[in-house]
Structures are given as C-alpha cells and as structure tokens.
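Student: Please take one helix of this model and go through it closely. I would like its geometry, its buried side and its neighbours.

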Amino acid sequence: MTKLTKKVVIGNLKMNGSLHFNEKHFSDIKSGVNDFSDVDIGVCVPYPYLFQAQRIFQKSNIFWGSQNVAKDSDGPFTGEVSVSMLSDFNAKCAIVGHSERSTAYCESDENIALKFSALKNKLMTPVLCVGETLIEREAGIMERVVASQINTIRKNYGKNIFADSIISYEPIWAIGTDLAASPDQADHMCSFIRGLINDTENNNVEGLKIIYGGSVNSKNALQLCGLESVDGALIGRGSLNAEEFIKICQIVNSI
Ligand code: PGA
C-alpha cells in the first residue's frame with residue numbers, strides 16, 4: 001500500500017499517448033519533478049502503457065496506475081484487466097468510477113464499490129471519482145448525489161475501507177470544460193465528503209486523501225490545492241503537457 005502523507009497530484013492521461021509520445025513525455029515529467037519532495041505524484045496511464053510507465057518511473061518519485069480495473073479476479077471476462085495484472089506492473093493505484101466511464105459505459109455504483117474493494121484487498125490505492133452533473137448542482141442536490149455514491153461503498157464495507165484511499169471530488173460540469181469549481185465550491189464539497197466519511201465519532205479514517213478534479217491548471221492550482229480541505233488534484237488535460245503538469249506539481253510542492 002502506498003502511504004500518501006503529502007498533498008497529491010495525479011495525472012489522468014485518459015485515452016491519449018502512444019509508445020513514442022510517452023517515451024519523451026514520461027521522461028520529461030520524471031526529470032521535471034525530480035526535486036519535489038513535498039508532493040506525492042502519480043500518473044494513470046492506459047493499460048498497454050503500464051509496462052512503459054514502470055520502466056521509466058521505477059527509480060523516481062512518481063507512482064503509476066491505471067484508469068479502471070475489473071471487479072473480478074479472473075475468469076471469462078473478455079476485455080477486463082484484474083487488480084493482480086496491474087500489480088504485475090507494480091501499479092500502485094487505479095481510478096474507479098470516473099464519470100467518463102460511468103456515463104458512457106453505464107457503470108453502476110455497486111460495480112464501482114466492488115472495484116474499490118478489489119483494489120483494497122490487494123493493497124492498491126483506489127482513486128474514487130465522485131461528483132454531480134450541472135442539473136444536479138442547479139437543483140441543489142450535489143451533496144445527496146455524492147453521498148449516495150460514497151454510501152454504496154460504505155454500507156457494504158464500512159467506513160474503514162476508505163483508509164489509505166483517495167477520493168476525487170470531480171463535478172461533471174467541470175471536467176474538460178475550463179470551468180473549474182470555485183475554491184468555495186471545492187472547499188464545501190471536499191469538507192462535506194470528509195465529514196460524511198468521518199461522521200460524528202471523531203475517529204478519522206487514516207490516510208484518506210480527498211482531492212479535487214475538473215479543469216485544474218497551473219493558474220488555479222494554488223487556489224484549489226491550497227485549501228486545507230483539498231489534499232491535491234486529479235489532472236486530465238493538464239497532464240498531457242509535461243511543462244504544465246510539472247508546473248502544477250511545483251505549485252503543490254510549494255504549498
Ligand atoms: P480535466 O479532467 O482536467 O481535463 O478537466 C479531469 C478528469 O477528468 O480527471
């Protein structure tokens with residue numbers, strides 16, 4: 001299990017890159033963040049490039065992972081990739097529940113909960129994405145939507161399943177739009193999630209990181225990641241440009 005003790009920046013490359021592109025991109029990121037010791041940095045790559053991420057990042061301060069994982073451990077599940085297959089490439093984390101998957105591939109909260117638990121069973125770090133649509137925000141039900149996503153996991157496995165995990169609050173309207181949540185909105189929702197999981201008993205789940213994702217760039221990273229309630233960021237487009245990604249890491253490193 002990767003113990004994350006600092007603010008975290010994770011790149012989500014989505015379905016981008018190629019062997020050729022990654023070779024330079026990963027190497028540029030590796031040398032650019034080499035000196036940053038006050039931020040934990042990860043990169044989530046498409047499955048076929050896990051071996052390349054492993055080769056380039058293995059002697060660096062960067063961990064790597066995937067953008068999805070199977071809920072089952074093995075068997076007749078064409079096209080799926082299990083947690084232990086990810087471990088074969090020393091992957092430390094996997095994104096689960098990203099809205100681009102749950103919307104396009106109709107992934108249910110129950111499925112996401114199973115994937116979350118499969119990762120925890122093999123001591124990998126789940127990066128769980130939760131967030132509301134614009135319509136849900138305008139209707140003022142964002143807390144209810146996010147609570148229901150999280151509670152599906154909690155009711156099946158208890159709150160301690162969230163120890164040493166990452167939850168990324170990603171309002172769907174902010175992803176890929178250049179319309180990041182305001183610091184107030186991010187603060188409110190990240191605090192809400194923390195309160196929901198830690199409830200009233202005052203015994204906090206250990207090692208839980210709550211980060212923000214959705215149009216984070218080097219211009220807004222300080223405002224968003226500087227908040228006490230926000231433990232870092234999940235970066236989509238900004239992770240496709242090494243210079244921009246390094247700049248974001250540098251900003252978070254300096255907080
Ligand atoms: P974005 O994507 O930074 O391009 O908005 C974030 C995400 O989908 O994780």
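Tutor: Here is a close look at helix H8 and what surrounds it.

The model is predicted: local features need pLDDT of at least 70, side-chain atom pairs count only at pLDDT 80 or more, and totals for chains, interfaces and linings use all residues. Residues are numbered from 1 along each chain as its sequence is written, and side-chain values use heavy atoms, with hydrogens and water left out.

Start with the geometry. Helices (H or I, at least four residues) and strands (E, at least two) are DSSP runs, numbered from the N terminus. H8 covers residues 183-198, 16 residues in all. The expected span of a helix is 1.5 Å times one less than its number of residues. For H8 that gives 22 Å, and the end C-alpha atoms are 22 Å apart, so the two agree. Asp199 follows H8 with a positive phi, near 40 degrees.

Next, the buried side. Buried means under 20% relative accessible area, exposed over 50%, partly exposed in between (1.4 Å probe, protein chains only). In H8 the buried residues are Ala186, Met189, Cys190, Ile193, Ile197 and Asn198. Their arc around the axis is only 160 degrees, which puts them on the same side of H8. That arc is taken from the directions from the helix axis to the C-beta atoms. An α-helix has 3.6 residues a turn, so residues three or four places apart point the same way.

What covers these residues? Contact means heavy atoms within 4.5 Å. The cover includes strands S5 (125-130), S6 (166-169) and S7 (209-213). It also includes helices H6 (134-138), H7 (142-157) and H9 (221-225).

H7 deserves its own look. The axes of H7 and H8 come within 11 Å and cross at roughly 35 degrees. Axes are lines fitted to C-alpha atoms, for helices over the stretch in contact, and angles run from 0 to 180 degrees between N-to-C directions. The crossing is right-handed. A crossing is left-handed if the near helix is turned anticlockwise from the far one by less than a right angle, and right-handed if clockwise. On the H7 side, the contact is made by Met142, Glu143, Val146, Ala147, Ile150, Asn151 and Arg154. H8 supplies His188, Met189, Phe192, Ile193, Leu196 and Ile197.

The loop between H7 and S6 holds Asp164. Its phi is near 50 degrees, a positive value in a residue other than glycine. Asp164 counts as buried because its relative accessibility is 14%.

Now the core. A nonpolar core is a set of buried Ala, Val, Leu, Ile, Met, Phe, Trp, Tyr and Cys residues joined through side-chain atoms within 4.5 Å. The largest one has 68 residues, and Ile193 is among those with the most contacts inside it, as are Leu128, Phe162, Ile167 and Tyr212. The largest share of this core, 7 residues, comes from helix H10 (residues 242-253). A second, separate core of 12 residues includes Leu4, Val8, Val127 and Ile211.

Ile167 links back to H8. Not counting residues up to four places away in sequence, Ile167 touches Ile193 and Ile197, among others. Its further contacts include Leu128, Val130, Ile150 and Phe162. Leu208, Lys209, Ile210 and Ile211 are also touched by Ile167.
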